[in-house]
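User: I've got a model open and I'd like to know where its labels come from. Can you walk me through the reasoning?

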Amino acid sequence: MKPILIVGPCAAESREQLLATARALHPSTLDSRLSTLDYIFRAGIWKPRTSPATFQGVGEQALDWLVEVKRETGMEVATEVATPEHVHAALQAGIDYLWIGARTSANPMAVQSIADSLHDRQPKKVFIKNPVNNDPQLWLGNIARLEATGVTVAAIHRGCAHRPCWDMAYAVRTARPDIPMLLDPSHMTGDSQLVATAMNRVGELGLNGAMIEVHCCPEQALSDARQQITPDQLRDILASAFLPFSKGIDHLPLHWLRAMIDEVDADIWTHIERRMALVEQIGEYKKSEHMAPLQPERFEAILHQRLEWADMHHIQYDTVRMIMNALHQEALRRQS
Ligand code: PEP
Ligand code: MN
């Protein structure tokens, strides 16, 4: 499978922004090895955002800008579609690739209506992101809906709520090893500082490429400003991540399992942080009511219940006692 790298801004904001970003990303400017990959320029023009108060994309006018990028740089171009009208307009304009975003991917009827609109005319490929909810069967179902039209499909793992969902990605990778799976480290982390590290997973897990948000001036971006990187930062990432792209390493189950362990540990840390924030709120209350931080009967009651959970979850009593004592120590320190 030829590796795929899709780069470009979260959204097309103006003709100037789009052309400036595309020129900076051209293989002759950035890295000549890019011409050996399927190297595609992206920009969203219809943005399915959470809040109507935020930037919704500039709409159809940006199709002309994307076509201009294609004409001027020779790069193939991709945009996101959420409705049959988007599909029609994008294909009519000459957009090469389409992708379906995570919010649309959560709605099988929306995906079916997009699939239905692909019967007459098709792009070179449709990329389908994982749904925002952790549901591998829904993702696989969406792939099947699209494939039924005869179009070529690839998957993009972008995680859920700025964290990975490696178990969902692994389920789809295992069920469909025949289709490419790309990583979207931008939406998976939500943080430009974390994109480079996340990109190591492409090689480790034997993925087939990546979709990365790159903006000529990320600090001025109208959407996803925190996660977009500069063309120079992309060049640095490619300096270390290019080899996995060009090699197409077989996937190693051990690496997938370790990625899942890392994700679970990150979740445990998040939960501990949340627990300690509650502990501190309770600490304030105890102070205002002149209560001592240590309330032995409350700790005994908690421990008793957590030991019952130990049975339910097949964890040894000693382990549960150790975990609860450690959490309690940290809690008392924060309340004293
Ligand atoms: C995007 O790629 O700009 C986008 C909106 O992504 P997602 O659907 O993953 O949120
Ligand atoms: Mn985005």
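Analyst: Sure, let's take the labels one at a time, keeping in mind that this is a predicted model.

User: What makes Cys10, His187, Glu213 and Asp224 donors of the manganese ion (ligand 2)?

Analyst: Distance does. A donor has to be an N, O or S atom within 2.8 Å of the metal. Cys10 (SG), His187 (NE2), Glu213 (OE) and Asp224 (OD) lie 2.1 to 2.4 Å from the manganese ion, so they count as donors. In sequence they are spaced C-x176-H-x25-E-x10-D. Within that set, cysteine 10 sits in the loop between strand 1 (4-8) and helix 1, while glutamate 213 belongs to strand 8 (residues 209-213), 203 residues apart, and the pair links distant parts of the chain.

User: Why is cysteine 10 called buried?

Analyst: Its relative accessible area is 1%, and buried means under 20%. Cysteine 10 therefore gets that label. Glutamate 213 is buried too.

User: And cysteine 216, why is that one partly exposed?

Analyst: Cysteine 216 comes out at 27% relative accessibility. The middle class runs between the 20% and 50% cut-offs, so cysteine 216 is partly exposed.

User: How do you know that cysteine 216 isn't bonded to cysteine 217?

Analyst: A disulfide needs the two sulfur atoms within 2.5 Å. The sulfur of cysteine 217 is the closest cysteine sulfur to that of cysteine 216, but at 3.9 Å it's too far for a bond. Searching the whole structure turns up 0 disulfides.

User: Why does threonine 21 count as buried?

Analyst: Threonine 21 has 0% relative accessibility, against a limit of under 20%, so buried it is. Threonine 21 is part of helix 1 (residues 15-25). Beyond its neighbours within four places in sequence, threonine 21 contacts Pro9, Phe41, Val214, His215 and Cys216.

User: What makes alanine 155 buried?

Analyst: Alanine 155, in strand 6 (residues 153-157), has a relative accessible area of 1%. That falls under 20%, so the label is buried. Leaving out neighbours within four places, its contacts include Ile128, Trp139 and Ile179.

User: Why is tryptophan 269 called exposed?

Analyst: Exposed means over 50%, and tryptophan 269 reaches 61%, so the label follows. Tryptophan 269 lies in helix 12 (residues 253-288). Together with Val264, Ile268 and Ile272, Trp269 forms a nonpolar surface patch with about 400 Å² of accessible area.

Note on methods. Residues are numbered from 1 along each chain as its sequence is written. Chains are lettered from A and ligands numbered from 1 in the order in which they are written. This is a predicted model: local features need pLDDT of at least 70, side-chain atom pairs count only at pLDDT 80 or more; totals for chains, interfaces and linings use all residues. Side-chain values use heavy atoms; hydrogens and water are left out. Helices (H or I, at least four residues) and strands (E, at least two) are DSSP runs, numbered from the N terminus. Buried means under 20% relative accessible area, exposed over 50%, partly exposed in between (1.4 Å probe, protein chains only). Contact means heavy atoms within 4.5 Å. Donors are N, O and S atoms within 2.8 Å of the metal (3.2 Å for Na, K and Ca); water is not among the atoms, so sites may look incomplete. Patches are made of residues with over 30% relative accessible area and no salt bridge: like charges are joined within 9 Å, nonpolar side chains (Val, Leu, Ile, Met, Phe, Trp, Tyr) within 5 Å. Accessible areas come from the Shrake-Rupley method with a 1.4 Å probe; for residues, only the protein chains shown count as cover. A salt bridge is a side-chain nitrogen of Lys or Arg within 4 Å of a carboxyl oxygen of Asp or Glu.
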